[in-house]
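Trainee: Could you walk me through how some of these labels get assigned? I'd like to see the reasoning behind each one.

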Amino acid sequence: MGLKVDVRKLDLFNQMAKEGSGTVADNLGQLTGLDATVRTSQINFLDIEDVKTHIGDDKGVGIYVELNEPPYGYVLFLLDPADSKRMASAMMGGMGEPSEGEGFSDMERSAMQEIGNIMTSAFIDGWANVLETTIDMGTPNFVFGPADGIIDKMGGWPDSDLVFVVDSRITVDDGDLGMTVYTFPELEDLVALIQDIDLDTDVAVDTEASDILD
């Protein structure tokens, strides 16, 4: 299959990725009670060997979800461990203080998986609306350790030399809490979907997902 894409459609997809990240920021703000914004959002084409370098090796918490329909691949939310504990505590409605030490309690892990479920639904529903399709996703997985090791845990990488990465950094106003959203769709399946985007699509309208936190 050819990987040529109309540059105008690629620009629409870029807008779609930014709008999806904005929806995640809105939901993060609702979960934490803080004003969250998208600080950066960019698209990268990386050699498969460079993915780990791009992610880095700092210790972090990863919540990843596999996409079971085109464009397949994964959505990964990467957070600092301390930020993850704060988010888990907020998700649990203050029912308990963050656990001590580096590890995570079962309740914290469950809360973070639910956060991953909420965030992925918000992100992917907007994509599905623009692409006029459905994108079924799997169960969120919690991983704690070096970021590049989280990539190994995900597995299932496509048999291609290039990996398409959507990289969005989301922070709250005080800068003390944030996450990075990485999306790793399968390149050929993504291109097939992008080629079908209507050039008259109003991305800002179509990426609006229902408020699943209400």
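Mentor: Sure. Start with pLDDT, the predictor's confidence in each residue, from 0 to 100. This is a predicted model, and the chain's mean pLDDT is 78, with 84% of residues reaching 70 or more.

Trainee: Where is confidence lowest, and where is it highest?

Mentor: Helix H7 (residues 203–206) is lowest, at a mean of 66, while strand S4 (residues 141–146) is highest, at 92. Over residues 209–214 pLDDT stays under 50. Where pLDDT is low, don't read the predicted coordinates in detail.

Trainee: What makes Tyr-72 partly exposed?

Mentor: Partly exposed lies between the cut-offs of 20% and 50% relative accessible area. Tyr-72 has 31% relative accessibility, so it counts as partly exposed. It sits in the loop between S2 and S3, and its phi is positive, near 55°. Pro-71 is in that loop too, joined to Pro-70 by a cis peptide bond with omega of about 15°.

Trainee: How do you know that the span of H4 agrees with its residue count?

Mentor: Take 1.5 Å times one less than the number of residues. For the 26 residues of H4 (residues 106–131) that gives an expected 38 Å, and the end C-alpha atoms are 37 Å apart, so the two agree. Glu-132 follows H4, with a positive phi near 55°.

Trainee: Why is S6 called mostly covered?

Mentor: Buried means under 20% relative accessible area, and seven of the seven residues in S6 (residues 178–184) are buried. Both faces are covered: Tyr-182 is among the buried residues on one side, Val-181 among those on the other.

Trainee: What makes S3 and S6 a pair?

Mentor: Pairing needs at least two bridges; six join S3 (residues 74–79) to S6, running antiparallel. Tyr-74 stands opposite Phe-184 in S6.

Conventions
Residues numbered from 1 in each chain as written. Predicted model: local features only at pLDDT ≥ 70, side-chain atom pairs only at ≥ 80, totals over all residues. Heavy atoms only, no water. Buried < 20%, exposed > 50% of the residue type's maximum accessible area, 1.4 Å probe, protein only. Helix = DSSP H or I, 4+ residues; strand = E, 2+ residues; numbered from the N terminus. Contact = heavy atoms within 4.5 Å.
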